[in-house]
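Hi there,

Here is the structure I promised to send over. Have a look when you get a moment, and then read on for my notes.

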There are 2 protein chains.
Amino acid sequence: MTLVTHTTSQTSERRRVGPDYLNGSAAIGSRDDLLADAGAGTARVIDVAEHGVLPDGQDCTRALKIALAECRGSGAKRLVFPKGRYVFRPEFADELYLFTSNNDEGLKRVAFMLNGLEDLVIDGQGSEFIFHGFISPFVVQNCANIVFENFSVDFERTFHSEGIIVAAHEEGLDVRIPEAFPYKVHNGLLLFMMSEDTGGPLTSVSKGEVCGSGHLLEFDTAKRETAFMARDYFFNGTSCYAAKDLGGRVVRLSVPGLVGKLGNTLVFGPDHRKHPGFVVTHSREVSFERITLHHAGGMGILGQLSHNLRVHRCRVTPSHGRMLSTTADATHFVNCTGFIELTENLFENQKDDATNIHGTYVQVTEILDANEIMVRLMHRQQHGFDFLHAGVEVEFVHGKSMITLGASAVKKAVRINKEFTRVVFDRALPKELVVGDALASIHDYARVTISGNIVRNNRARGMLLNCRGKTVVENNYFHTPGAAILFEGDSFFWFEQGGVRDCVIRKNVFENCLFGVWGKAVIDVKAGILERKESSRYNRNILIENNTFRVFGEQSLLHAYCMDGLTWRDNRVELTTAYPAPTKASPRFDISHCDNVVIDGEPRV
Amino acid sequence: MTLVTHTTSQTSERRRVGPDYLNGSAAIGSRDDLLADAGAGTARVIDVAEHGVLPDGQDCTRALKIALAECRGSGAKRLVFPKGRYVFRPEFADELYLFTSNNDEGLKRVAFMLNGLEDLVIDGQGSEFIFHGFISPFVVQNCANIVFENFSVDFERTFHSEGIIVAAHEEGLDVRIPEAFPYKVHNGLLLFMMSEDTGGPLTSVSKGEVCGSGHLLEFDTAKRETAFMARDYFFNGTSCYAAKDLGGRVVRLSVPGLVGKLGNTLVFGPDHRKHPGFVVTHSREVSFERITLHHAGGMGILGQLSHNLRVHRCRVTPSHGRMLSTTADATHFVNCTGFIELTENLFENQKDDATNIHGTYVQVTEILDANEIMVRLMHRQQHGFDFLHAGVEVEFVHGKSMITLGASAVKKAVRINKEFTRVVFDRALPKELVVGDALASIHDYARVTISGNIVRNNRARGMLLNCRGKTVVENNYFHTPGAAILFEGDSFFWFEQGGVRDCVIRKNVFENCLFGVWGKAVIDVKAGILERKESSRYNRNILIENNTFRVFGEQSLLHAYCMDGLTWRDNRVELTTAYPAPTKASPRFDISHCDNVVIDGEPRV
């Protein structure tokens with residue numbers, strides 16, 4: 001192989017300590033700076049072809065491992081894929097047990113396993129990366145200064161499946177399943193399979209790989225969005241549906257209460273989130289540029305416990321006429337620091353929100369001593385999310401009111417297993433703390449920039465803003481079936497830490513949102529506050545200005561409770577006829593238990 | 001706590017090197033010797049109560065960890081449970097990712113995690129150990145000289161479920177499900193739940209724990225055995241059944257072709273083998289004495305890569321009137337050395353064989369060099385079974401004929417992941433070796449003693465004898481629906497290494513076996529030989545003498561092919577009317593492609 005060695009600039013170091021990034025005030029333009037030393041002029045380049053990674057339809061996973069090892073060994077700054085279609089299969093992939101917040105933990109095969117790498121650009125040069133089967137495309141762990149640019153990610157066989165509704169019957173629907181979604185009906189159950197050639201009887205050592213399916217949702221085939229007011233059908237704990245094969249790829253689903261419009265598309269969601277597109281964990285300075293994510297078996301990009309993340313000019317969008325792109329959120333960030341930038345991206349048709357930026361609560365399950373407690377990660381998709389270590393500062397909150405009880409610092413944390421940790425603090429616990437209360441870390445909450453994005457046609461909401469760093473959401477376009485923007489945080493269901501401190505929402509267009517069941521206002525400021533609403537003020541300082549709201553009836557623009565500091569000004573409302581107007585009018589502003597609210601210059605008490 | 005310290009005898013060391021155990025000729029009587037130094041007179045004893053392990057209905061798992069740590073720290077020889085009912089829950093259990101051959105790998109919670117312990121007796125004094133939920137009762141890893149004695153193991157809620165057949169309908173059966181087996185019918189699917197109080201809607205963060213069910217088998221309620229000629233219904237890849245709730249705990253199953261007799265019991269088998277009762281791995285000198293296994297979520301006792309294992313006067317038997325005991329084999333041993341003794345045990349109503357003692361084949365998937373290949377663990381329940389290390393001797397076999405091609409020794413093994421390993425040998429590969437062939441280790445094959453056991457009413461077969469050490473099966477009683485004794489081994493389906501070299505079957509009673517679908521003769525000597533049957537001789541030297549065969553018709557007593565050295569003499573056959581006689585007679589002896597066969601003194605060609 002050839003190593004193209006250039007003079008190494010010092011910008012790498014500068015990048016990590018430079019004011020742009022530490023201050024988090026970096027404009028989008030600083031992206032060029034970020035990439036400067038990774039350019040052909042200043043860094044060593046490895047062409048994957050030199051290691052046998054070829055766009056020839058053969059599995060590239062083995063050769064890729066060698067190329068990545070070479071990057072590490074040689075200190076190369078750029079790994080380049082000549083434009084082509086590269087295939088990655090799980091057989092020879094690296095394997096590791098990975099806890100991925102809000103996705104499913106597990107022993108995973110990983111194609112691009114970046115572990116402990118620094119200063120590397122992975123440049124696809126417009127290539128297509130096609131993944132087959134149960135494989136995680138990218139995991140970035142303990143890395144720094146990684147840039148992914150200019151390639152697409154897709155799966156040969158998606159983890160979800162689709163079918164066209166061709167008839168209704170008294171116990172459900174008949175669907176025609178396209179050949180892209182192999183299936184079999186076995187013992188009265190519809191199973192989606194990884195490939196058609198895994199036929200034959202299922203036995204105790206059956207080789208047929210089942211996708212695992214556990215969710216139904218109707219999409220409007222013509223509009224390519226969730227069907228008007230379609231609801232979720234959850235099948236958790238199962239991986240199949242009661243069904244009969246009617247022949248001709250038509251299957252009769254027997255699901256009591258299942259309804260849908262003839263011609264619409266029924267999307268069969270997977271029963272897992274095993275394979276997010278990109279997992280970034282315990283890393284810093286990771287950037288995504290011009291990446292197209294057509295599919296992932298989970299979220300598109302998951303960042304956790306990482307610092308300074310940027311997603312720019314990326315697209316989450318289906319391929320091959322499919323209705324769905326990623327099977328969960330397009331992006332999602334947990335306990336991240338520094339900055340998070342989502343700029344000029346397209347997020348469409350993913351099966352959940354465009355982003356959610358939050359922290360994590362653990363519940364206090366036992367008070368063991370004056371300064372010692374047992375805590376538990378409550379949501380199964382938070383298990384193994386170990387953020388409590390000696391030195392970490394935490395806040396205690398009352399479980400039902402979300403009122404802060406005090407703060408402390410961890411002196412010692414003993415992990416019992418993926419759920420429980422015993423924690424000793426450097427001082428006595430707050431007197432009021434009781435079992436059922438929660439705690440989360442106090443850290444350098446990321447500064448969030450969400451700008452110039454298009455969010456549309458996905459299930460559920462747009463942006464979930466639950467980060468205490470300064471948050472600016474501007475010049476975005478939203479067409480979401482649920483709330484376009486949601487503020488939440490609770491310590492009894494999702495256990496996600498939220499509570500903005502300084503949030504600006506301006507110059508966005510909210511177009512015909514709320515055509516689905518996932519929200520009660522275009523901008524929804526809430527939190528899981530069950531008690532003491534009079535005094536609990538969880539979210540603070542939200543400014544909503546110069547936005548355009550296109551609505552198809554008497555819908556709520558803003559719903560808020562238990563917050564302090566809310567200003568609404570210079571927003572424009574336009575009425576459309578895009579959907580049937582709600583028969584029951586909702587107030588434009590639905591506000592309760594708030595302080596310091598000003599709507600168009602008028603204080604609200 | 002109190003440490004009762006006695007003079008430490010040297011029998012521990014003697015035990016490990018003593019002639020009884022190394023020679024494997026130990027009679028059952030030597031058990032007393034094995035236990036001698038663990039008695040109260042010669043060893044330190046820890047009473048679990050001193051560490052708060054109490055039979056009070058509260059979870060003992062946390063306190064048990066402390067007691068086990070104390071055993072390690074103090075060098076105690078005996079851990080004693082005052083007689084009582086002890087409860088173990090998964091919440092605070094140790095956690096580890098475990099590969100368990102012929103069971104399911106996974107991140108498991110373990111109640112009794114014995115890791116690196118030596119010279120310990122766990123004495124239950126007749127106690128009941130009750131496990132709740134997804135927890136593995138016992139894992140013994142890297143241990144030596146461990147004795148389990150005098151306690152029972154049961155689960156509060158079994159991993160399988162049962163229902164009484166109350167009606168037949170055109171698409172299946174109606175069953176009444178006892179309260180011991182919580183369930184719900186949700187979206188047209190029957191799910192078995194861990195507890196009744198996990199009701200409420202299933203959502204994306206549902207707290208309801210699903211047992212996971214994927215197999216149906218009819219049992220004769222009165223006879224408490226698998227129903228006459230009942231077949232398996234496999235639902236692999238699913239965890240539920242198409243169903244309607246008819247009320248009154250009666251559920252209508254819609255499973256095309258499902259038949260069963262009114263009043264009989266339908267057993268819903270779990271879709272996993274996550275929690276075997278005892279896993280013994282990489283250990284030596286492990287003994288089970290007077291242990292009763294009422295249930296396990298997988299096999300009862302699994303020994304792998306271990307040396308000198310004894311199961312004596314144990315019982316695998318259901319409790320509480322349940323039809324099933326363990327949900328898979330009662331015992332199972334893979335790549336074990338030294339000796340294996342199964343003596344005076346009761347194995348009944350387990351959902352698979354009483355034992356299977358075998359090795360493991362990996363398949364050659366690539367020939368990389370004159371002395372280098374890539375191999376793959378093919379069966380998903382063999383993944384992670386890493387037996388190839390530098391120095392290990394192996395034999396190569398032709399994949400379709402099982403003919404040995406040669407032997408070699410591993411020079412270097414590089415594990416790719418749980419399936420693939422790249423292996424370099426110390427000499428050139430056999431010339432004939434091609435992709436698709438297999439290899440297994442040549443080792444100190446265990447000497448097997450199976451004596452004085454009762455095997456009855458389980459699914460499938462009795463003893464699977466696939467070990468090349470001297471194997472003696474005597475004075476046992478078999479009443480199995482399939483073959484009582486099966487010899488197999490193949491390299492295309494189970495990938496289990498077999499091929500006995502010296503096996504004696506004598507003074508056993510085979511009573512009315514073959515009343516089910518799992519075998520074609522009472523003693524079935526076969527192997528997965530697809531080619532070159534004329535020359536392949538896989539099993540060798542089997543002597544069958546002085547046994548009693550009670551049969552209910554013209555059934556085969558002995559089926560054999562591709563073996564060398566078979567003697568049948570002085571066996572008694574009695575005709576019974578226990579079941580309807582087969583309408584099609586089978587030959588008493590069905591023998592082909594064998595050498596050196598003598599039946600009652602008459603050579604067979």
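Below is what turned up, starting with the pair of chains and ending with a small stretch of strands.

Please keep in mind that this is a predicted model.

How the two chains relate: a turn of 180 degrees, with a shift of 0.0 Å along the axis, lays chain A on chain B with an RMSD of 0.0 Å. The two copies are thus related as by a two-fold rotation axis. The residue of chain A that comes closest to this axis is Ala242(A), whose C-alpha lies at 2.4 Å. Both copies use the same surface, as 100% of the contact residues of chain A recur in chain B.

Where they touch: chain A and chain B put 37 residues each into the contact. On the side of chain A, the elements giving two or more residues are β4 (94-98), β5 (106-115), β12 (189-192) and β15 (233-234). The largest share is that of β4(A), with 3 residues. Sorted by class, this side of chain A has 19 nonpolar, 13 polar and 5 charged residues.

Further along chain A, have a look at strand β50 (residues 595-599), which pairs in the parallel sense with β47 (residues 563-569) over 4 bridges. There, Val597(A) of β50(A) stands opposite Leu566(A). β50(A) is also joined by 3 bridges to β51 (residues 602-604), and these two run antiparallel, with Val598(A) opposite Pro603(A). The hairpin of β50(A) and β51(A) has 2 residues between the strands, and Asp600(A) takes a positive phi near 45 degrees in it.

Happy browsing, and best wishes!

Terms used: Residues numbered from 1 in each chain as written. Chains lettered and ligands numbered in written order. Predicted model: local features only at pLDDT ≥ 70, side-chain atom pairs only at ≥ 80, totals over all residues. Pairing = 2+ DSSP bridges. Least-squares fit on C-alpha atoms with pLDDT ≥ 70 in both. Contact = placed C-beta atoms within 7 Å. Nonpolar A, V, L, I, M, F, W, Y, C, P; charged D, E, K, R; others polar.
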